[in-house]
Amino acid sequence: MTRLHLHLLSDSTGETLEMIAKAALAQFDDADVIRHFWPMVRSQQHLDRIMAEIAANPGLVLFTLVNAEIRRRLEERCRALGLPTVPALDAVTAVLEDMLGQQAKARPGRQHMLNDAYFARVDAIQFTIAHDDGIAWEDWEDADIVLAGVSRTSKTPTSIYLANRGYKVANIPIVVESPPPPELFSLRRPLVVGLTTAPDRLIQVRRNRLLSLSQAPTTDYVDEDRVSREVQFARRLFADNGWPVIDVTRRSIEETAAAVIRLHQEHRSRGESTDIGAKPI
């Protein structure tokens with residue numbers, strides 16, 4: 001297998017570039033790729049230092065640079081080395097310029113500006129952390145989304161992912177012996193979503209959790225009959241209240257969150273919640 005050096009150059013945090021590279025590489029099985037990450041490239045001197053590393057480890061150069069002079073210098077130096085360069089956002093930006101009838105601002109890191117959307121996302125993250133695992137149920141009416149499900153159905157990581165997208169999320173574990181607070185059944189503004197999974201998969205996840213905590217994996221927490229009853233109880237609860245349900249058995253956190261966001265958009269379009277404004281991405 002050929003080893004590839006992939007150089008990622010950005011004049012900002014490089015988050016966008018990393019996601020593009022990750023998505024593209026996911027299409028290749030067992031690719032032997034060594035990533036070299038170069039964020040905050042905003043001067044010729046910085047670029048010159050990076051070029052020494054690129055020359056020592058030649059490969060593909062993927063970049064998001066808005067400064068015309070730095071871009072030109074990078075492309076010239078790579079061309080002299082016989083290395084391909086790919087401006088990751090140029091094609092999309094060019095089409096947007098044409099359709100919007102205006103020129104791109106060419107300012108690095110504009111998506112990370114400290115604007116209202118940024119502070120709304122910070123507020124969403126703080127809210128979500130403060131309302132994890134059934135905590136502070138008195139404030140659930142202020143949430144955008146409430147996730148419900150039995151233990152180990154990815155409620156917390158999904159909540160945090162959604163919070164990073166700007167949604168205020170609370171989550172509540174469904175426990176047979178401990179019914180949720182009555183307020184859960186009278187919420188008007190938030191969308192309540194039930195998360196479920198296959199019992200055998202849930203048992204596997206719970207056993208791994210117990211092992212990671214150095215606890216015996218033979219408790220009622222992983223008993224087959226008990227787990228099946230838990231899942232059935234939760235499903236019946238979701239059905240009785242008309243809450244949408246997402247089966248997370250074969251879904252990643254990102255896929256589950258995408259499904260929740262779609263449900264939330266439908267929820268709002270039907271007028272089932274108040275208008276809370278656009279959500280930052």
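This is a working chat about strands, salt bridges and a few single residues in a predicted model.

Colleague: Let's start with strand 1. How many of its residues are buried?

Modeller: Six of the seven residues in strand 1, which spans residues 4–10, are buried, so the strand is largely enclosed by the rest of the structure.

Colleague: How many bridges does strand 1 make with strand 2, and in which sense do the two pair?

Modeller: Six bridges link strand 1 to strand 2 (residues 33–38), and the pairing is parallel. Leu4 stands opposite Val33 of strand 2, and Leu8 stands opposite Phe37. Between the two strands the chain passes through helix 1, residues 15–25.

Colleague: What hand does that crossover have?

Modeller: The β-α-β crossover from strand 1 through helix 1 to strand 2 is right-handed.

Colleague: And strand 3, how many bridges join it to strand 1?

Modeller: Five bridges, with strand 1 and strand 3 (residues 60–64) running parallel. One pairing there is Ser10 with Thr64 as its bridge partner in strand 3.

Colleague: Changing topic. How many salt bridges are there?

Modeller: The count comes to 12 salt bridges. Among them is the pair Asp32 and Arg3, with a side-chain N to O distance of 3.2 Å.

Colleague: Where do Asp32 and Arg3 lie?

Modeller: Asp32 is in the loop between helix 1 and strand 2, while Arg3 is in the segment before strand 1, so the salt bridge ties together parts that are 29 residues apart in sequence. Asp32 is partly exposed at 27% relative accessible area. Arg3 has 53% and is exposed.

Colleague: Which residue does Asp90 form a salt bridge with?

Modeller: Asp90 pairs with Arg71, and their closest N and O atoms are 2.6 Å apart. Asp90 sits in helix 4 and Arg71 in helix 3 (residues 68–81), so this pair ties together parts that are 19 residues apart in sequence.

Colleague: Is Arg71 buried or exposed?

Modeller: Arg71 counts as buried, because its relative accessibility is 18% and the cut-off for buried is under 20%. Asp90 counts as partly exposed at 31%.

Colleague: What about Lys168, which side chain does it meet?

Modeller: The side chain of Lys168 meets that of Asp123 in a salt bridge, 3.1 Å from N to O. Lys168 belongs to the loop between helix 6 and strand 6, and Asp123 to helix 5 (residues 116–130), so the two tie together parts that are 45 residues apart in sequence. Lys168 is partly exposed at 23% relative accessibility, and Asp123 is partly exposed at 35%.

Colleague: Which residues are joined into one network by salt bridges that share partners?

Modeller: Asp48, Arg73 and Arg77 are joined in that way.

Colleague: Back to the loop between helix 6 and strand 6. What can you say about Gly166?

Modeller: Gly166 is in that loop, between helix 6 (155–164) and strand 6 (169–173). Gly166 counts as buried at 5% relative accessibility. Its C-alpha is 7.7 Å from that of Val122, although the two residues are 44 apart in sequence.

Colleague: Where is Arg206, and is it buried or exposed?

Modeller: Arg206 is placed in helix 7, residues 199–212. Its relative accessibility is 0%, so Arg206 counts as buried.

Colleague: What does Arg206 touch?

Modeller: Leaving out residues up to four places away in sequence, Arg206 touches Val150, Ser151, Arg152, Tyr221, Val222, Val227 and Glu230.

Colleague: Last one, the surface. Which residues form a nonpolar patch?

Modeller: Val92, Leu96 and Leu100 form a nonpolar patch on the surface, and together they have about 300 Å² of accessible area. Leu100 is part of helix 4, residues 90–100.

Colleague: Why does Leu100 count as exposed?

Modeller: Leu100 counts as exposed because its relative accessibility is 58%, and the cut-off for exposed is over 50%.

How values were computed: Residues are numbered from 1 along each chain as its sequence is written. This is a predicted model: local features need pLDDT of at least 70, side-chain atom pairs count only at pLDDT 80 or more; totals for chains, interfaces and linings use all residues. Side-chain values use heavy atoms; hydrogens and water are left out. Patches are made of residues with over 30% relative accessible area and no salt bridge: like charges are joined within 9 Å, nonpolar side chains (Val, Leu, Ile, Met, Phe, Trp, Tyr) within 5 Å. Accessible areas come from the Shrake-Rupley method with a 1.4 Å probe; for residues, only the protein chains shown count as cover. A salt bridge is a side-chain nitrogen of Lys or Arg within 4 Å of a carboxyl oxygen of Asp or Glu. Helices (H or I, at least four residues) and strands (E, at least two) are DSSP runs, numbered from the N terminus. Buried means under 20% relative accessible area, exposed over 50%, partly exposed in between (1.4 Å probe, protein chains only). Contact means heavy atoms within 4.5 Å. Two strands pair if DSSP finds at least two bridges between them. A crossover is right-handed if, with the strands pointing away from the viewer, the path from the first strand over the helix to the second runs clockwise.
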